[in-house]
Structures are given as structure tokens and as C-alpha cells.
Amino acid sequence: MDESSLRKREQQPLSPPVAEADIRASDADRDRVADILRDALAEGRLTTEEHSERLDGVYAAKTVGELEPFVRDLPVPAPAAAPAQARHWVPDHSGENPNLVGILGGAERKGRWRVGSKINAVAILGGVVIDLTEATFTAPEVVINCTAIMGGVEIKVPENVTLRGGGVVGIMGGSDVEAYEAPDPGAPVIKVQGLAFWGGVEAKPRRGKRVKKKDGRPELDH
């Protein structure tokens with residue numbers, strides 16, 4: 001055999017391609033069809049006897065083509081929706097990280113202001129109010145460190161942010177944080193933590209106050 005004939009022979013496929021229906025079925029293929037049969041049984045499309053009979057055939061099938069007849073008359077479930085993606089945050093270090101101190105008196109931060117990633121609140125025989133309902137959030141997470149000694153810290157937040165508590169230690173005092181996970185994965189997260197000694201820490205959403213995204217950052221939606 002000359003070199004040209006040998007080269008042509010090497011270029012020829014060893015065997016013709018196998019049709020998709022003739023491909024050997026995998027365990028995953030059988031399980032996928034079994035799931036469709038299970039749903040059909042739950043929806044009343046198949047009787048128990050029909051389901052059992054078809055299921056036996058599914059696990060005895062050798063090829064993909066042999067699986068198709070068992071679900072030919074059944075609806076194929078829609079593919080699961082892709083999980084929601086978190087919003088992209090534009091880096092911004094212009095937010096405030098205030099230290100609010102109320103000793104034998106009060107301290108308050110409210111109105112339209114740019115909040116950063118951390119707030120420290122100390123209330124000793126006094127009170128501190130932190131109002132975030134009109135704030136522009138410049139970070140994906142805001143940590144509020146509270147110290148309430150015979151005093152109180154009150155935190156007001158928009159209703160569509162994620163609010164997390166459980167980080168406040170109460171000694172002859174306590175905390176009332178209405179924890180809530182926002183449905184939007186890109187919503188700001190507010191974490192409340194600290195100490196309440198003969199005092200209290202409260203964090204609740206204000207109904208009707210919401211933040212929305214504008215120019216890459218969430219801000220108050222009037």
C-alpha cells in the first residue's frame with residue numbers, strides 16, 4: 001500500500017457515528033425520566049400501576065431511544081430558573097462612619113446622609129437614634145455596634161433591606177431586632193451587634209420607606 005492510500009485510510013472514521021437514540025443510557029438519563037414519571041404520578045396523570053410498569057421499563061432500558069416512549073405522552077418540566085444574581089456595587093468610600101454617643105442625654109443621626117460600612121452607638125443613661133430610612137448606602141453591609149448601659153439605642157431602617165440581629169448580648173437588658181432577609185440579593189445588609197446592660201437595643205423597618213438602585217448604588221425611593 002502506497003503512502004497516499006495509507007493517508008486516506010487514516011483520515012477515514014473508524015466507524016460511522018452512532019445516532020443519538022442508539023447511545024447507551026446512563027444512570028443520570030434513567031433518573032431524569034424517573035423524575036418525570038414521579039411527577040406525573042403525583043399530578044394524577046398516571047395510575048400507580050402505570051407508574052410502576054413504566055418505571056420498571058425505564059431501569060431496564062439500554063439506550064436513550066428506549067427511554068423516550070415512557071414519557072412521550074407526558075409534559076416535560078420546564079428548566080429551573082437561574083438563581084438571582086447579586087447587584088454589582090460601585091466602590092465608594094464617601095460614606096460616614098459616625099460615633100454617636102448619648103451620655104445623660106441624646107444623640108441622633110437622621111435625614112438624607114451617606115452611610116458607610118460601620119456605625120458605633122453608645123447610650124449611657126441616655127439614648128441614641130439612628131435613622132437610615134433616608135440614607136444613601138455606599139457599602140453592601142453596614143455593621144452597627146451598640147452599647148446600651150441603662151439607656152437605649154433605636155435603629156430605623158427601610159423596609160426592603162436585609163436586617164440581621166442576634167449579635168446583641170443582654171445583661172439585665174435585651175434587644176428587639178426584627179430580623180428580615182430582603183428578596184433582592186443585592187439589597188444592603190444591616191447587622192446589629194453589641195451589649196445591652198440594664199438597657200435596650202431596638203431595630204425595626206419603617207413601612208413605606210424603601211431604597212432603590214441609582215447610578216450603581218441603592219438610594220431612597222420616594
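**Group meeting: a parallel sheet and a nonpolar patch**

I will start with one residue. Ile149 counts as partly exposed, at 27% relative accessibility. Ile149 is found in strand β7. Leaving out residues up to four places away in sequence, Ile149 touches Ala123, Ile124, Leu125 and Phe197. Take Ala123 from that list: Ala123 and Ile149 are 26 residues apart along the chain, and their C-alpha atoms are separated by 6.2 Å. Keep in mind that this is a predicted model.

Now the whole protein. There are 222 residues, and buried ones make up 35% of them. The count of elements is 4 helices and 14 strands. If we take contacts between residues at least 6 apart in sequence, 65% of them join residues at least 24 apart. The accessible surface is about 13,500 Å², and carbon and sulfur atoms account for 52% of that.

Next, the sheet that holds β7. How many strands form the open sheet, and in what order? There are 5 strands, running β1-β4-β7-β11-β9, and the pairing is parallel. As a reminder, strands of a sheet pair through backbone hydrogen bonds, either parallel or antiparallel. Which strands stand at the edges? Those are β1 and β9; each has a single partner strand, so one side of each is left without a neighbour in the sheet. From one strand to the next, the twist averages 10°.

One pair in detail. Strand β7 covers residues 141-149 and strand β11 covers residues 189-197, and the two pair in the parallel sense over 9 bridges. Within this pair, Glu141 stands opposite Val189 in β11.

On to the surface. Which residues make the nonpolar patch? They are Val101, Ile103, Leu104, Leu125, Met150, Val169, Ile171, Met172, Phe197 and Trp198, and the patch comes to about 1,000 Å². Two elements give two or more residues to the patch: β1, residues 99-103, and β9, residues 162-171. Those are the two edge strands I mentioned a moment ago. Two members of the patch, Leu125 and Phe197, are also among the residues that Ile149 touches.

Let me go through three of the patch residues. Ile171 lies in strand β9. With a relative accessible area of 38%, Ile171 is partly exposed.

The second is Leu104, in the loop between β1 and β2, where β2 is residues 106-109. Is Leu104 buried or exposed? Leu104 is exposed, because its relative accessible area is 68% and the cut-off for exposed is over 50%. The backbone deserves a note too: phi of Leu104 is near 55°, which is a positive value in a residue other than glycine.

The third is Met172, in the loop between β9 and β10, with β10 at residues 174-177. Met172 also has a positive phi, of about 55°, although it is not a glycine. Its relative accessible area is 59%, so Met172 is exposed.

Finally, a residue from a helix. Arg54 is found in helix α3, residues 48-60. Why does Arg54 count as buried? Because its relative accessibility is 18%, and buried means under 20%. And what is Arg54 in contact with, leaving aside its neighbours within four places in sequence? The list is Leu37, Leu46, Phe70, Asp73 and Leu74.

To recap: a parallel open sheet with β1 and β9 at its edges, and a nonpolar patch to which β1 and β9 each give two or more residues. That is what I have for today.

Definitions and conventions:
Residues are numbered from 1 along each chain as its sequence is written. This is a predicted model: local features need pLDDT of at least 70, side-chain atom pairs count only at pLDDT 80 or more; totals for chains, interfaces and linings use all residues. Side-chain values use heavy atoms; hydrogens and water are left out. Buried means under 20% relative accessible area, exposed over 50%, partly exposed in between (1.4 Å probe, protein chains only). Contact means heavy atoms within 4.5 Å. Accessible areas come from the Shrake-Rupley method with a 1.4 Å probe; for residues, only the protein chains shown count as cover. Patches are made of residues with over 30% relative accessible area and no salt bridge: like charges are joined within 9 Å, nonpolar side chains (Val, Leu, Ile, Met, Phe, Trp, Tyr) within 5 Å. A salt bridge is a side-chain nitrogen of Lys or Arg within 4 Å of a carboxyl oxygen of Asp or Glu. Two strands pair if DSSP finds at least two bridges between them. Axes are lines fitted to C-alpha atoms, for helices over the stretch in contact, and angles run from 0 to 180 degrees between N-to-C directions.
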